[in-house]
Amino acid sequence: IGLPTFSDVSADADYAKAIAWAEKNHIVKGFEENLFLPERNISRQDFAVMLLRYLDYIGYEYDMPTGNLTFSDSAQVAEYAQKAVKVMCDLRIIKGKNNNILDPRGDITRAESAAVFHRLMKLMGK
């Protein structure tokens, strides 16, 4: 697998090989100045981007949703995350929260991420 190219990921970090794999397979990208920021929290929209890149990596076929997101805060989804959020919501991998909000820029909780992985595995028949 090799080592990640990010300057802030130590080769002896327990997550170094996982980051290297994800980087090599275009599932994760870094930030400016060759940083990965391994201790930084991840937003719900960034998690959706990673999930979509993973589906693309494994060759999972999905239809591109044609409609708009219907959450009251849909306008807060960043441009770069629009496709991923639409696909993940259309596949019902990522769901909204109470009061019809998506909270795309909010952090995904451990419980939400477990639910997302459970729905993803069900979708893939596992």
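The following exchange concerns the packing of helices and aromatic rings in a predicted model.

Colleague: On what basis are residues numbered, and which pLDDT is needed for local features?
Modeller: Residues are numbered from 1 along each chain as its sequence is written, and side-chain values use heavy atoms, with hydrogens and water left out. In this predicted model, side-chain atom pairs count only at pLDDT 80 or more, totals for chains, interfaces and linings use all residues, and local features need pLDDT of at least 70.

Colleague: Which helix supplies the largest share of the largest nonpolar core?
Modeller: A nonpolar core is a set of buried Ala, Val, Leu, Ile, Met, Phe, Trp, Tyr and Cys residues joined through side-chain atoms within 4.5 Å; buried means under 20% relative accessible area, exposed over 50%, and partly exposed in between, for a 1.4 Å probe and protein chains only. The largest such core has 22 residues, and Leu51, Val85 and Ile93 are among those with the most contacts inside it. Helices H2 (44–58), H3 (82–90) and H4 (110–123) each supply at least two of its residues, helices being DSSP runs of H or I with at least four residues, numbered from the N terminus. The largest share, 6 residues, comes from H2.

Colleague: How many residues does the second, separate core have?
Modeller: This core includes Val9, Ala13, Ile19 and Ala22. Its size is 9 residues.

Colleague: How are H2 and H3 oriented to each other?
Modeller: Axes are lines fitted to C-alpha atoms, for helices over the stretch in contact, and angles run from 0 to 180 degrees between N-to-C directions. The axes of H2 and H3 come within 8 Å and cross at roughly 75 degrees. Angles under 35 degrees count as roughly parallel, over 145 as roughly antiparallel, 65 to 115 as roughly perpendicular and the rest as oblique. The crossing therefore makes H2 and H3 roughly perpendicular.

Colleague: Against which helix do the buried residues of H3 pack?
Modeller: In H3, Ala84, Val85, Lys86, Val87, Met88 and Cys89 are buried. Residues of H2 including Leu51, Leu52 and Leu55 meet residues of H3 including Val85 and Met88, where contact means heavy atoms within 4.5 Å. The buried residues of H3 pack against H2.

Colleague: Are the rings of Phe6 and Phe36 stacked, edge-to-face or tilted?
Modeller: Rings of Phe, Tyr and Trp (its six-membered ring) pair if their centres lie within 6.5 Å, with planes under 30 degrees apart counted as stacked, over 60 as edge-to-face and the rest as tilted. Phe6 lies in the segment before helix H1 (16–24) and Phe36 in the loop between H1 and H2, 30 residues apart. Both residues are buried. Their ring centres are 5.1 Å apart and their planes are at 35 degrees, so the pair is tilted.

Colleague: Which residues form one aromatic cluster?
Modeller: Tyr54 and Tyr57 both lie in helix H2, 3 residues apart, about one turn of the helix. Tyr54 is partly exposed at a relative accessible area of 26%, and Tyr57 is partly exposed at 38%. The cluster consists of Trp21, Tyr54 and Tyr57.

Colleague: Is Pro65 buried or exposed?
Modeller: Pro65 is found in the loop between H2 and H3. Leaving aside residues up to four places away in sequence, Pro65 touches Lys86, Val87 and Asp90. Its relative accessibility is 17%, so Pro65 counts as buried.
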